[in-house]
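User: I am learning how words such as "buried" and "core" are applied to a protein model. Please show me one, and let me ask how each word is justified.

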Amino acid sequence: MQTPPFLDIGIDGIGFYVPQERLRLADLAHARGVDPAKYIDGLMLEEFAVPDYGEDAVSMALMASNRALLKSGIDPHSIDCVLVGTESAAYAVKSIAAILSGMLGISEHAFTGDLTHACASATCSIINAIGLISAGLIKRALVIGTDVSKYPIGSAGEPTQGAGAIALIISRNPRIARFSANFGKISGHVNDFFRPNGQDTAIVYGHYSIDAYLSFQQHAYDDLSRQIGPIDPNYWIFHSPYAKLPVQFFRQLMLRRKINDSHNTGNGSESLGSSFPSADQVQILKGKGEISCPDIQLLKNLDWNDFEICDLHHTIQQELRERLLPSLFVSRHFGNMYSASVWSQVMWVLENYARDGDVFYFGSYGSGATAISGLLQVQPNFRSIIDRPPIMLDSVRTREYLTVKSYEEHHENNCLILPKITLGRISTLPTEPVVTKNIGIQGISLSFCDAGCVLPHNKDLSYCPQGHFGRFNRFFPQSAKITHLRKTDFIDPLLEIAHNGEVPILGIPPVGSVVELNFRKLRQDENKLLQWAPVYCPVPSELVTEQDYLVEKIVLECASTLHRNA
Ligand code: HMG
């Protein structure tokens, strides 16, 4: 690959959040009377994330953004643009970006807004951020993809649910990775997947949506390669509604590329086929490998011989194992995170596989439909940011499995978290020294009225529009120790935060436990006004210590699934 032009704009900070609760697809398959192999091999999925009560696109976006700020050591006041890509908006009118900027202490003079384009909305937001930075209108953007993917219980889409959020800080002189100067793009009015107003589950023409995905990914790739010539990245990362679909697209892409190359250079000269075990060859030529029976026939019509077809199979298999499978761990374990899907995979590959100078191809797809492709180049010393805690592997170790019954209750009742909350007092624990030089990210400051409504930081509007009096300022540290617990039958945690200096704590952890800042939706009043506020969650005592071993295991696990599939 010739070196394509890269911008000096890219990713300077990144943070991820996924709900702790998960559902195993084997359990779902048993409950639905489906062969578990259909979900595990047919869709290549293991489990998906289920949002807890009070956990939604806003609370997840707050967490991912807070983590991006912590990991990068960037002062929130220096951010002058917040763009949120989502299809899980909290309100029909009022942006998540405004809620985030107010709660995280982002500059009052920031541009803020949400952007909708199904799963491609975070990518569209990134493109906007790059444009605004290039034009000199902003210096640093916080871009978030946050979504809950939800289909009706018992529908074909049910096993492909999930939830999660990713936050990226985009600026000049990025310390993690820089973007290519060119992007591939394709858009059209396609009715593959949609969610009518007022409905919380999506409607999808499943098999048509697969065709739309395969076609648009191909067009976005072709458009980019027309602009920059041959593309040969170290890693391929595609939007992944379920892990099998990028694999299906990748096989198609590789096959087309090889057929095109052979038109230009001939295909017979480098065959190694005679050195493969003959049993393998028989299986490959029966269509049990990476190349399907119709494609084998197509190659034969183009005068490819058996050895050349076996060579091609092995090349595609190797590319798949080394360059595509690493990213697919994310959708196999967290499910479809819609707008967060492709960028969480970028973070996963950065954390677990990437080296300085590596190039990633990304193919973002959003139903409706659009696809956007581009390249990222990993910057020298990116590990100094990417390896700072919390890392994505922490989210793999800290999962809790739900029963199908309990998952169904979460799915049907969008209730608040109140029954799971205890009140307590906490003492602040110091955060990482690298971070504490920036005052804003040792914790967050919020103001409340005497009824516990969150008030804006903007001085002219420091009173409650609902007519409540008072204004209380509270600081919430990132990390703390419980010093006192109080169990009550009925609590309005927002009232208690404002008046008693207590904080809501998830569950009943023992006094002395370490807890960390999290967020939940805590109140919905008669006008459907929503309030999000801090809730402290226990920190799991087991930290990730066997990273290399685990990553190795993941690669093997993915590879063997693929093999079983073939
Ligand atoms: P389905 O129709 O129930 O499943 O739903 P199927 O019959 O097509 O089977 C799925 C695979 O399992 C097939 O593999 C079967 O052969 C295999 P393939 O032929 O595709 O390679 N299979 C088995 N394998 C082993 N053992 C068995 C067995 N049985 C079957 N016993 C569908 C599948 C994806 C349509 C459904 O889950 C769905 O509707 N999902 C939601 C929509 C979706 O994810 N679409 C993807 C493209 S659209 C997109 O990406 C955008 C999106 O993210 C939204 C946005 O942009 O905002 C969704």
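User: What percentage of the 566 residues of the chain count as buried?

Analyst: The share is 57% of the 566 residues, where buried means under 20% relative accessible area, exposed means over 50%, and partly exposed is in between, with a 1.4 Å probe and protein chains only. Please keep in mind that this is a predicted model, in which local features need pLDDT of at least 70, side-chain atom pairs count only at pLDDT 80 or more, and totals for chains, interfaces and linings use all residues. Residues are numbered from 1 along each chain as its sequence is written, while side-chain values use heavy atoms and leave out hydrogens and water.

User: Why is Tyr338 called buried or exposed?

Analyst: Tyr338 has a relative accessibility of 3%, and therefore it counts as buried. Its place is in the loop between helix H10 (306-334) and helix H11 (341-352); helices here are DSSP runs of H or I with at least four residues, strands are runs of E with at least two, and both are numbered from the N terminus.

User: What makes the backbone of Tyr338 worth pointing out?

Analyst: Tyr338 has a positive phi of about 45° although it is not a glycine. Most residues other than glycine have a negative phi, and most peptide bonds are trans, so a positive value is an exception to that pattern. Lys528 is also listed with a positive phi, of about 65°, and is not a glycine either. Lys528 lies in the loop between strand S22 (514-524) and strand S23 (530-538), and its relative accessible area of 57% makes it exposed.

User: Which class, buried, exposed or partly exposed, fits Gln524?

Analyst: Gln524, which lies in strand S22, has a relative accessibility of 41% and so counts as partly exposed. Leaving aside neighbours within four places in sequence, Gln524 is in contact with Leu416, Leu529 and Leu530, where contact means heavy atoms within 4.5 Å. The C-alpha atoms of Gln524 and Cys415 are separated by 9.6 Å, although these residues are 109 apart along the chain.

User: How do you know which share of the contacts in the chain join residues at least 24 apart?

Analyst: The count takes contacts between residues at least 6 apart in sequence, and 78% of these join residues at least 24 apart.

User: What makes helix H4 count as mostly covered?

Analyst: Helix H4 (residues 96-104) has nine residues, of which seven are buried. Those buried residues are Ile96, Ala97, Ile99, Leu100, Ser101, Met103 and Leu104. Just after H4, Gly105 takes a positive phi of about 75°.

User: How many residues are in the largest nonpolar core, and why does it lie between two domains?

Analyst: The largest nonpolar core has 56 residues, and those with the most contacts inside it are Val82, Leu100 and Phe476. A nonpolar core is a set of buried Ala, Val, Leu, Ile, Met, Phe, Trp, Tyr and Cys residues joined through side-chain atoms within 4.5 Å. Helix H3 (residues 57-72) gives the most to this core, with nine residues. Domain 1 (6-19 + 55-242 + 335-390) and domain 3 (413-538) both give residues to the core, so it lies between them; these bounds come from an automatic or database domain assignment. A second, separate core has 54 residues, among them Trp236, Tyr242, Phe249 and Leu375.

User: Which residues are closest to the ligand, and how many surround it?

Analyst: There are 28 residues around the ligand, and the closest are Lys38, Glu87, Cys119, Ala156 and His207; a residue is near a molecule or strand if one of its heavy atoms lies within 4 Å of it.

User: What makes the pairing of Glu87 with the ligand a polar contact?

Analyst: A polar side-chain atom of Glu87 lies 2.5 Å from an oxygen atom of the ligand, and a polar contact needs a pair of N or O atoms within 3.5 Å, so the pair qualifies. A nitrogen atom of the ligand is likewise 2.9 Å from an N or O atom in the side chain of Ser209, and a backbone N or O atom of Ser367 lies 2.8 Å from a ligand oxygen atom. The protein covers 75% of the 1100 Å² of accessible area that the ligand has on its own, with areas taken from the Shrake-Rupley method and a 1.4 Å probe. Helix H6 gives the most to the shell around the ligand, with four residues.

Methods: A polar contact is a pair of N or O atoms within 3.5 Å; within protein, one must be able to donate a hydrogen and the other to accept it, and residues adjacent in sequence count only if both atoms are side-chain atoms.
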